[in-house]
Amino acid sequence: MTKIKIAPSMLSANFGCLGEQAREATEAGADWLHLDVMDGHFVPNITFGPLVVAALLPYTVLPLDVHLMIEQPERYVDDFIRAGAAYITVQVEACPHLHRVIERIKEVKNVKAGVTLNPATPLVLLEEILPYVDLVLIMSVNPGFGGQSYIPTSTDKIRRLREMLDHAGSRAELQVDGGVKAENAAEVVRAGATCLVSGSGVFNKKASIAENIARIRQSIAAAQSQSQG
């Protein structure tokens, strides 16, 4: 059975104690930590850069999964590699020379390369790059802000991407980010996702980080049980 990964999004964590929140998510059984880097140009928000990524390293043993929602990401790839990113994902829409950027990331030992699409961007733009990537991310909200609701049509897009990956013989992670929480995690997993990014579904005042991760894990287990039944 495929291990479905949970990657809490630090965008929804308490920035006043980011390191402690990372430690708590780690101890609660998260698989990766997801960091959304925003520049105020490609998306209408500004978050954090390489220094914050590096500052989290003492607080976790988990892979740091960095999503660059920025223009000209090739200018900063090396900075995030040096900061300790294990995965670096770039937007198809921001990279006219996508293959070159992916190859640069993959030149570095132990650093994985990913690509992502905005909700209205068609999957056809992935066809030529699929053989080269370790991760494909489906955005199930419009990027820029945490706490948004899952776009329902994303489920079919996830399903179609799963078919594309399987047809290509790709072992890339199929990651989904945007409005994912315990209530819809099973739907996303049944569609074919292997890694769930969850921000407000993990970091909220309704329950502890550990309780929220456990609830998502239960939803994942239910989906996998149904698929085997």
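The legends below describe close-up views of a predicted model.

**View 1. The whole chain, with its seven helices and eight strands.** The C-alpha atoms fill a box of roughly 45 × 40 × 30 Å along the principal axes, and the radius of gyration of the chain is 16 Å, which agrees with the value near 17 Å that a compact globule of 229 residues would have. Buried residues account for 55% of the 229 residues in the chain, while the accessible surface comes to about 10500 Å², with 51% of that area belonging to carbon and sulfur atoms. Of the contacts between residues at least 6 apart in sequence, 65% join residues at least 24 apart.

**View 2. The open sheet of eight strands, with parallel pairing.** The strands follow the order S1-S8-S7-S6-S5-S4-S3-S2, and the edges are formed by S1 and S2, each of which pairs on one side only. From one strand to the next, the twist averages 25°.

**View 3. The pairing of S2 with strand S3 (residues 64-69).** These two strands run parallel and are joined by six bridges; within this pairing, Asp36 has His67 in S3 as its bridge partner. In general, the strands of a sheet pair through backbone hydrogen bonds, in either a parallel or an antiparallel manner.

**View 4. Helices H4 and H5 against the strands.** Helix H4 (residues 98-106) lies across strand S4 (87-91) and strand S5 (112-117), and the direction of H4 is at about 150° to S5. Helix H5 (residues 154-168) packs on the sheet, where it touches S5, strand S6 (135-139) and strand S7 (173-177), and the direction of H5 makes about 165° with that of S6.

**View 5. The aromatic pair of Phe15 and Phe48, one of two aromatic pairs found in a search of the whole structure.** The ring centres of Phe15 and Phe48 are 5.7 Å apart and the ring planes stand at 45°, so the pair is classed as tilted, because that label covers planes that are neither under 30 degrees nor over 60 degrees apart. Phe15 belongs to the loop between strand S1 (5-8) and helix H1 (18-27), whereas Phe48 belongs to the loop between strand S2 (33-38) and helix H2 (50-56), and the pair therefore ties together parts that are 33 residues apart in sequence. With a relative accessibility of 44%, Phe15 counts as partly exposed, while Phe48, with 7%, counts as buried.

Note on methods. Residues are numbered from 1 along each chain as its sequence is written. This is a predicted model: local features need pLDDT of at least 70, side-chain atom pairs count only at pLDDT 80 or more; totals for chains, interfaces and linings use all residues. Side-chain values use heavy atoms; hydrogens and water are left out. Rings of Phe, Tyr and Trp (its six-membered ring) pair if their centres lie within 6.5 Å; planes under 30 degrees apart count as stacked, over 60 as edge-to-face and the rest as tilted. Helices (H or I, at least four residues) and strands (E, at least two) are DSSP runs, numbered from the N terminus. Buried means under 20% relative accessible area, exposed over 50%, partly exposed in between (1.4 Å probe, protein chains only). Two strands pair if DSSP finds at least two bridges between them. Axes are lines fitted to C-alpha atoms, for helices over the stretch in contact, and angles run from 0 to 180 degrees between N-to-C directions. Contact means heavy atoms within 4.5 Å. The radius of gyration is taken over C-alpha atoms; the globule rule is 2.2 Å times the number of residues to the power 0.38. Accessible areas come from the Shrake-Rupley method with a 1.4 Å probe; for residues, only the protein chains shown count as cover.
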